[in-house]
Structures are given as C-alpha cells and as structure tokens.
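Q: Got a minute to walk through this one with me? I'd like to get a feel for the fold before I set anything up.

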Amino acid sequence: PAYNCDPEIVVNKTADMNTLLAGEQVIFTITVENFAVDAATNLVLTDVLPSELTLDSAIPSFGTWNDPDWTIGTLYPGEIHTLTLTATAKQLLTETTVTNIVINAQDQTDSNSLTDDPSEAVTIQPKLDTDKDGISDDDETALGTDPNNPDSDGDGILDGQEVIDGTDPNNDCDSIGGNPLP
C-alpha cells in the first residue's frame with residue numbers, strides 16, 4: 001500500500017448481521033490501520049454501544065479494552081489491529097434501528113485523505129408479544145403465563161410489570177388493588 005506523509009489513520013467497522021431479534025447477538029469488528037510514514041501515538045478508539053445493546057465481550061488483537069475505550073498507544077506505519085465486540089440486543093416494544101459509531105483520537109491530526117467507515121446500523125426486531133404485556137411469547141411459555149392474556153392472574157397488573165416488580169404473574173394474591181405487596 002501507498003503511505004501518506006501526513007498522519008492517516010483508517011478506521012473501519014463491520015457487523016456480522018444488520019437485522020436481529022431481541023436476545024440475539026451481533027458481532028462488530030473494528031479495524032484500524034496506519035497509512036502514514038510515521039507512527040501514530042496515544043491512539044485511543046472509543047466505541048459507546050447504543051443503549052439498546054448490551055456488551056457481552058470485547059477482544060482486542062492489541063492494546064487494552066476498558067469500556068468504552070480501546071487503547072492501542074502507538075500504531076506504527078502499516079500496522080493493522082482489530083477489536084471484536086459481541087453485543088446482545090435488548091427486548092424492545094417496537095422495531096428500532098440503532099447506529100454504532102467508533103471514533104479515534106491520537107496525538108497527530110488525521111488528514112482523513114482516505115475514507116473511514118466507522119459506523120454500522122443494526123435493526124432490532126422485538127420478539128413476538130401477542131398480548132402486548134411486555135413479555136415475549138417465548139418467555140411467557142417459560143414462565144407458564146398465557147401469551148394471549150396480558151394479565152394471566154387477573155389481578156389488574158400486566159404480567160410484564162409483575163416480572164419487573166418481582167411478583168408472580170400467575171398469583172393474584174401477591175398484589176392488592178393492582179399494586180404489588182411490599
């Protein structure tokens with residue numbers, strides 16, 4: 001490859017899938033390469049995941065990861081390093097597209113004469129929730145609640161709220177007047 005006399009850091013990001021269901025994992029791969037004739041110093045890449053994703057793991061090929069920063073330090077001409085981030089999509093009420101962006105900072109000013117691709121958009125589709133109580137049909141089956149009835153125990157509290165409150169969505173005796181017992 002041709003190297004640039006001016007500082008030139010190229011950052012690229014990919015995702016192994018761009019549409020996923022809540023609960024599924026997406027793997028982001030970030031590569032950084034130095035196309036300059038001199039080393040880039042104090043290089044840090046920052047990747048703050050959207051709140052709709054939960055970070056499961058971060059594996060740098062070089063340097064250290066301290067969420068949300070990947071610290072490389074010195075990146076010599078021609079060096080390429082990779083960070084692999086694995087994240088799980090959270091359950092959402094509606095289909096949502098989020099964009100994950102990585103930014104880089106270093107002592108030198110990047111000339112940006114070569115194109116970076118630092119972002120990936122992923123669409124998260126909610127799991128099927130037939131009765132719209134906030135619990136997917138799959139989770140209702142596991143809990144023993146009725147996926148077609150938003151209030152399986154008839155106590156006036158939606159099954160999903162009971163799970164959040166720590167009460168039993170199959171027991172109408174653990175709430176009074178639609179409020180969970182203390």
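A: Sure. One term before we start: accessible areas here come from the Shrake-Rupley method with a 1.4 Å probe. Also keep in mind that this is a predicted model.

Q: Okay, so what does the accessible surface of the protein chain come to?
A: About 9,400 Å², and carbon and sulfur atoms hold 53% of that.

Q: And how much of the chain is buried?
A: Of the 182 residues in the protein chain, 36% are buried.

Q: What's the secondary structure like?
A: The protein chain has 2 helices and 12 strands. Going from the N terminus, the order is β-β-β-β-β-β-β-β-β-β-α-α-β-β.

Q: Compact globule or more spread out?
A: More spread out, because the radius of gyration is 23 Å, well over the 16 Å that the globule rule gives for 182 residues. The C-alpha atoms fill a box of roughly 75 × 30 × 20 Å along the principal axes.

Q: Which pair of residues would show me that spread? I was looking at Ser111 and Ser152.
A: That pair works: they are 41 residues apart along the chain, and their C-alpha atoms are separated by 61 Å. Ser111 sits in the loop between β9 and β10.

Q: Is Ser111 buried, exposed or partly exposed?
A: Partly exposed, because its relative accessibility is 32%, and the partly exposed class lies between 20% and 50%.

Q: On to the sheets. Which strands are in the one with 6 strands, and in what order?
A: It's an open sheet, β2-β10-β9-β4-β7-β6, with mixed pairing. Its edges are β2 (19-21) and β6 (64-66), each pairing on one side only. The twist from one strand to the next averages 25°.

Q: In what sense do β2 and β10 pair?
A: Parallel, over 3 bridges, with β10 covering residues 119-125. Among the bridge partners, Leu20 goes with Ile124 of β10, and Thr19 goes with Thr123 of β10.

Q: What about β9 and β10?
A: Those run antiparallel, joined by 6 bridges, and β9 spans residues 96-105. Thr123 turns up again here, as the bridge partner of Thr97. So Thr123 in β10 has Thr19 as well as Thr97 as bridge partners, and that fits a general point: strands of a sheet pair through backbone hydrogen bonds, either parallel or antiparallel.

Q: And the sheet with 4 strands, what's its order?
A: β1-β3-β8-β5, open and antiparallel. The edge strands are β1 and β5 (53-60), each with pairing on one side only. Neighbouring strands are turned by 20° against each other on average, direction ignored.

Q: How many bridges between β3 and β8?
A: There are 9, in the antiparallel sense. One of the partner pairs is Gln25 with Thr88 of β8.

Q: Switching to packing: in the largest nonpolar core, which residues touch the most other members?
A: Val26, Phe28, Ile30, Val32, Leu45, Leu53 and Val122, out of 25 residues in that core. Elements that give two or more residues to this core are β1 (9-15), β3 (25-34), β4 (40-47), β7 (69-75), β8 (80-89), β9 and β10.

Q: What is Val122 in contact with?
A: Leaving aside neighbours within four places in sequence, Val122 contacts Ala15, Met17, Asn18, Leu20, Val26, Phe28, Leu53, Thr96, Thr97 and Val98.

Q: How many contacts in the whole chain are long-range, say residues 24 or more positions apart?
A: They account for 63% of the contacts with a separation of 6 or more.

Q: Now backbone geometry. Where's the cis peptide bond?
A: From Asp67 to Pro68, with omega near 10°. Pro68 is in the loop between β6 and β7.

Q: Which residues have a positive phi without being glycine?
A: Two to look at are Asn42, with phi of about 55°, and Lys132, with phi near 55°. Asn42 lies in strand β4, while Lys132 is in the loop between β10 and α1 (137-143).

Q: Last one: is Lys132 buried or exposed?
A: Exposed, since its relative accessible area is 65% and the cut-off for exposed is over 50%.

Technical notes
Residues are numbered from 1 along each chain as its sequence is written. This is a predicted model: local features need pLDDT of at least 70, side-chain atom pairs count only at pLDDT 80 or more; totals for chains, interfaces and linings use all residues. Side-chain values use heavy atoms; hydrogens and water are left out. Two strands pair if DSSP finds at least two bridges between them. Axes are lines fitted to C-alpha atoms, for helices over the stretch in contact, and angles run from 0 to 180 degrees between N-to-C directions. A nonpolar core is a set of buried Ala, Val, Leu, Ile, Met, Phe, Trp, Tyr and Cys residues joined through side-chain atoms within 4.5 Å. Buried means under 20% relative accessible area, exposed over 50%, partly exposed in between (1.4 Å probe, protein chains only). Contact means heavy atoms within 4.5 Å. The radius of gyration is taken over C-alpha atoms; the globule rule is 2.2 Å times the number of residues to the power 0.38.
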